[in-house]
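This report sets out the computed features of one protein model for a reader working with coordinates. Please consult the sequence and structure below alongside the text.

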Amino acid sequence: MNAQPGGLFGHQHEPERLASAISHIENKALDVKTNIEQLLLMLDLQEEVEWPDMLDKFSSLASAMTQLQFILKKSALPSGFEDFGFFLRTHVLVPHCLSNDIDPNLQQVTSNRIHCWNHDAAPDYLRTKLTPEVETDESHIDNEKNTRTFDQINKQILAMNKHIETLLASMAENARNQAEIQQDIPTYNSQDTQKLVRAIVNGEGVRPSKLIPTESGITGSSVNGPHGTVRPSGTTASPQQRR
């Protein structure tokens, strides 16, 4: 959206104050956008983010939203007073140029959400009323709320509270049963424990180690001495050894 140069339009007065207010709103909105992006990133990585850091980010977002609401009460003027947006409401925002050509500057300021300011984008972004579907739903809710009496609303509240109490009691009973089941499951075998104690104290059930008998002396073997091979008595040399 490009304003035509040269002079002011009939719907616009005090352009310096209006430009200052718009710049102030943009800065506060950018703070809100940054906090939302960081919070969404923390939610995606919530297993790696500590809970106090996430609470601090929630507090920062709430503070940024509060500051944005506060400056809107003063028409976003740094040195203004609380006129509840009267200065902004007296200025009409009118598009002076619509084009289907891609605008790089518009892409940059909108983070590539809007590529061109044409007849499709302008009514959607400059509207001051809700979409017809949302407005119809809100109107239906308001009509339904106004047609019901206090007694009907009170009965619905009591019925809902009773239903919630029933659900809470059922959940508590289920948790209690699960806890009792976990307590009844034994974590050891008493008979095996007694066997292990008797085996350690009295050696009961422990098999004795097998003793392998060893013969002293040399049997069926030859020993090399300084005068040749000495064989035990009762052994004879083979024919090949005699040769």
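The following paragraphs treat the overall fold, one helix, a loop, and selected side chains.

**Overall architecture**

The model is predicted rather than determined by experiment. Its secondary structure comprises 9 helices and 2 strands. Along the sequence these elements are arranged as α-α-α-α-α-α-α-α-β-β-α, so that eight helices precede the two strands and one helix follows them.

Of the 243 residues in the protein, 13% are buried. The exposed area amounts to about 20,500 Å², of which carbon and sulfur atoms supply 56%. When contacts between residues at least 6 apart in sequence are considered, 44% of them join residues at least 24 apart.

**Helix H8 and the residue after it**

Helix H8 covers residues 190-202, a run of 13 residues. Does the distance between its ends agree or disagree with the span expected at 1.5 Å a residue? The expected span is 1.5 Å times one less than the number of residues, and for H8 this gives 18 Å; the end C-alpha atoms are 18 Å apart, so the two values agree. Just after H8 comes Gly203, whose phi is positive, at about 70°.

**The loop between H4 and H5**

Helix H4 (104-109) and helix H5 (121-126) are joined by a loop that contains Ser111. Asn112 is found in the loop between H4 and H5 as well. Both residues have a positive phi although neither is glycine, as the table records.

| Residue | Phi |
|---|---|
| Ser111 | near 55° |
| Asn112 | near 65° |

Ser111 has a relative accessible area of 42% and is therefore partly exposed, since that class lies between the limits of 20% and 50%.

**Side chains: cysteines and rings**

Are Cys97 and Cys116 buried or partly exposed? Cys116 has a relative accessible area of 17% and is therefore buried, because the buried class requires a value under 20%. Cys97, at 32% relative accessibility, counts as partly exposed. How many disulfides does a search of the whole structure find? The search returns 0 disulfides.

A search of the whole structure for aromatic pairs likewise gives 0. A contact between a charge and a ring is nevertheless present: the charged end of Arg17 sits over the ring of Phe87, at 4.7 Å from the ring centre.

Definitions and conventions. Residues are numbered from 1 along each chain as its sequence is written. This is a predicted model: local features need pLDDT of at least 70, side-chain atom pairs count only at pLDDT 80 or more; totals for chains, interfaces and linings use all residues. Side-chain values use heavy atoms; hydrogens and water are left out. Helices (H or I, at least four residues) and strands (E, at least two) are DSSP runs, numbered from the N terminus. Buried means under 20% relative accessible area, exposed over 50%, partly exposed in between (1.4 Å probe, protein chains only). Contact means heavy atoms within 4.5 Å. Accessible areas come from the Shrake-Rupley method with a 1.4 Å probe; for residues, only the protein chains shown count as cover. Rings of Phe, Tyr and Trp (its six-membered ring) pair if their centres lie within 6.5 Å; planes under 30 degrees apart count as stacked, over 60 as edge-to-face and the rest as tilted. A charge sits over a ring if NZ of Lys or CZ of Arg is within 6 Å of the ring centre and within 35 degrees of the ring normal. A disulfide is a pair of cysteine sulfur atoms within 2.5 Å.
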